[in-house]
Amino acid sequence: MKRILVILISILTLSSQAMAYEEANYEVVKENKEYEIRKYSDRLVIETNSIEGNGFRKLFNYISGNNEESQEIKMTVPVTQEIKNGSMTMQFYLPLKFNKDNVPKPSNSDIKILTIEGGYYAVIKYSGRSSHKNFLKNKDILEKQLKQDNVVILSPPIRVSYNSPFTLPILKRNEVMYRVNL
């Protein structure tokens, strides 16, 4: 039984590493044992309201070709969620080859294309389920550390996920980030 478990974990680990997605570029400008501060450039994203729980499906349909050009777009990471104007939104980052001029227009009016302004973000990493409970726990840890270090928080917390739902929780990469002033 133990041998089967080791083989299964090895297969899942290799398969999750084989799914290499384009990731948003950043530079780590400061780090300590609790968190790191990253500098991001402007990033093009698609966004939708995810209050009804179908935000992921809407965004996935867009990159699967449900757009005015019927163009399939490769999945990127991370997937982010944040509260804007009192509503939960979900975002997919678009591959770097796209800009405002060449990105396919959404067929679904619930999908918006926007640019997230570059800047500094404080980030805490954690593994495990990307549950609300885990998110809140790590959000509180990061917020407390930033306040303790006199880092000014400029945004609501952002929930960040990198893995498919089929990845074992122990292998998942999750983050909480805040836009900060440096």
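## A tour of the salt bridges

Start by selecting Lys147 and Glu143: their side chains form a salt bridge, with the closest N and O atoms 3.2 Å apart. Keep in mind as you look around that this is a predicted model. Now colour helix α3 (residues 132–148), because both partners lie in it, four residues apart, or about one turn of the helix. How exposed is Lys147? Its relative accessible area is 54%, so Lys147 is exposed. Glu143, at 21% relative accessibility, counts as partly exposed.

Next, select Lys139 and Asp140. Here the closest N and O atoms of the salt bridge are 3.0 Å apart. Turn on a surface to view the two partners: Lys139 counts as buried at 14% relative accessibility, while Asp140 is partly exposed at 43%.

Now move over to Arg38 and Glu175, whose side chains meet in a salt bridge of 2.7 Å, N to O. This pair links distant parts of the chain, 137 residues apart: Arg38 sits in strand β3 (residues 36–40) and Glu175 in strand β12 (residues 174–181). Are these two partners buried or exposed? Arg38 has 0% relative accessibility and counts as buried; Glu175 is also buried, at 0%. You may want to hide the surface for this stop.

For the last stop, keep Arg38 and Glu175 selected and add Glu23, Glu36, Lys125 and Arg173. Salt bridges that share partners join these six residues into one network. If you would like to keep exploring, a search of the whole structure finds 11 salt bridges.

Key
Residues are numbered from 1 along each chain as its sequence is written. This is a predicted model: local features need pLDDT of at least 70, side-chain atom pairs count only at pLDDT 80 or more; totals for chains, interfaces and linings use all residues. Side-chain values use heavy atoms; hydrogens and water are left out. A salt bridge is a side-chain nitrogen of Lys or Arg within 4 Å of a carboxyl oxygen of Asp or Glu. Helices (H or I, at least four residues) and strands (E, at least two) are DSSP runs, numbered from the N terminus. Buried means under 20% relative accessible area, exposed over 50%, partly exposed in between (1.4 Å probe, protein chains only).
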